[in-house]
Amino acid sequence: QVQLVESGGGLVQAGGSLRLSCAASGRTFTRYSMGWLRQAPGKERELVARISWSGGSTYYANSVKGRFTISRDTAKSTAYLQMNSLKPEDTAVYYCAADNVIVTASSDYLGQGTQVTVSS
């Protein structure tokens with residue numbers, strides 16, 4: 001099992017930037033695909049971005065493509081989500097996710113979540 005702890009959320013104005021971090025512990029970090037999910041009030045949880053165990057493959061939701069960048073640092077067992085040009089519709093609780101196959105919106109390993117609020 002892997003434990004995930006997010007940090008880096010907060011309040012930012014539209015057009016601003018935030019970087020989320022996800023520290024992983026437990027089973028070997030390198031064996032897991034990592035990703036970020038988000039859930040806004042009244043909406044279903046959605047996949048924002050994911051990165052393969054090797055870091056060689058990434059996926060982004062259309063709504064964040066070109067604005068968000070996912071990365072991972074194996075030596076630090078940490079994954080990141082750099083969020084630029086933030087919009088009010090990016091407001092949500094963001095969850096770090098891990099999966100031993102591929103991260104999806106229903107992946108079981110999730111962090112506790114970090115709130116991101118973008119004001120207009």
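Are Cys22 and Cys96 buried or exposed? Cys22 is buried, and Cys96 is buried too. Keep in mind that this is a predicted model. The tour below starts at that cysteine pair, moves through the nonpolar cores and strand β9, and ends with Gly16 and Arg38.

**The disulfide**

- The structure has 1 disulfide, and Cys22 and Cys96 are the residues that form it, with 2.0 Å between their sulfur atoms.
- Turn about the S-S bond of Cys22 and Cys96 and you get a torsion of about -80°, so this disulfide is left-handed.
- Cys22 sits in strand β3 (residues 18-26) and Cys96 in strand β9 (residues 92-99), so the bond ties together parts that are 74 residues apart in sequence.

**The nonpolar cores**

- The largest nonpolar core counts 30 residues, and the ones with the most contacts inside it are Leu4, Met34, Trp36, Phe68, Leu81, Met83 and Tyr94.
- Plenty of strands chip in: β1 (2-7), β3, β4 (33-39), β5 (46-51), β7 (68-73), β8 (78-83), β9 and β11 (114-119) each give this core at least two residues.
- Apart from that core there is another one, made of 5 residues, including Leu37, Leu47, Tyr95 and Ala97.
- As background, nonpolar side chains in soluble globular proteins tend to be buried together.
- Met34 is a handy residue to click on: setting aside residues up to four places away in sequence, its contacts include both cysteines of the disulfide, Cys22 and Cys96.
- Also touching Met34 are Leu4, Phe29, Ile51, Ile70, Ala79, Ala97, Ala98 and Val103, among others, and the list includes two arginines, Arg50 and Arg72.

**Strand β9 and its partners**

- β9 is mostly covered, with 7 of its 8 residues buried.
- With β4, β9 pairs in the antiparallel sense over 7 bridges, and Leu37 has Tyr95 of β9 as its bridge partner.
- β9 also pairs with β11, again antiparallel, over 3 bridges; here Tyr94 stands opposite Thr114 of β11.
- Strand β10 (residues 109-110) pairs with β9 in the antiparallel sense over 2 bridges, and Tyr109 in β10 is the bridge partner of Ala98.
- In general, side chains in a regular strand alternate between the two faces of the sheet.

**Gly16, in a loop**

- Gly16 belongs to the loop between β2 (10-13) and β3.
- Its relative accessible area is 19%, so Gly16 counts as buried, the cut-off being under 20%.
- Once neighbours within four places in sequence are left aside, Gly16 is in contact with Met83, Asn84, Ser85 and Leu86.
- Gly16 and Asn84 are 68 residues apart in sequence, yet their C-alpha atoms are 6.2 Å apart in space.

**Arg38, a buried arginine**

- Arg38 is part of strand β4, and with a relative accessibility of 6% it counts as buried.
- The Arg38 side chain makes a polar contact of 2.6 Å with the side chain of Glu46.
- Another polar contact, at 3.4 Å, links the side chains of Arg38 and Ser63.
- Beyond residues up to four places away in sequence, Arg38 touches Glu44, Arg45, Glu46, Val48, Ser63, Val64, Phe68, Glu89, Asp90, Ala92, Val93 and Tyr94.
- Two of those names, Phe68 and Tyr94, also appear among the residues with the most contacts inside the largest nonpolar core.

Note on methods. Residues are numbered from 1 along each chain as its sequence is written. This is a predicted model: local features need pLDDT of at least 70, side-chain atom pairs count only at pLDDT 80 or more; totals for chains, interfaces and linings use all residues. Side-chain values use heavy atoms; hydrogens and water are left out. A disulfide is a pair of cysteine sulfur atoms within 2.5 Å. Helices (H or I, at least four residues) and strands (E, at least two) are DSSP runs, numbered from the N terminus. Buried means under 20% relative accessible area, exposed over 50%, partly exposed in between (1.4 Å probe, protein chains only). A nonpolar core is a set of buried Ala, Val, Leu, Ile, Met, Phe, Trp, Tyr and Cys residues joined through side-chain atoms within 4.5 Å. Contact means heavy atoms within 4.5 Å. Two strands pair if DSSP finds at least two bridges between them. A polar contact is a pair of N or O atoms within 3.5 Å; within protein, one must be able to donate a hydrogen and the other to accept it, and residues adjacent in sequence count only if both atoms are side-chain atoms.
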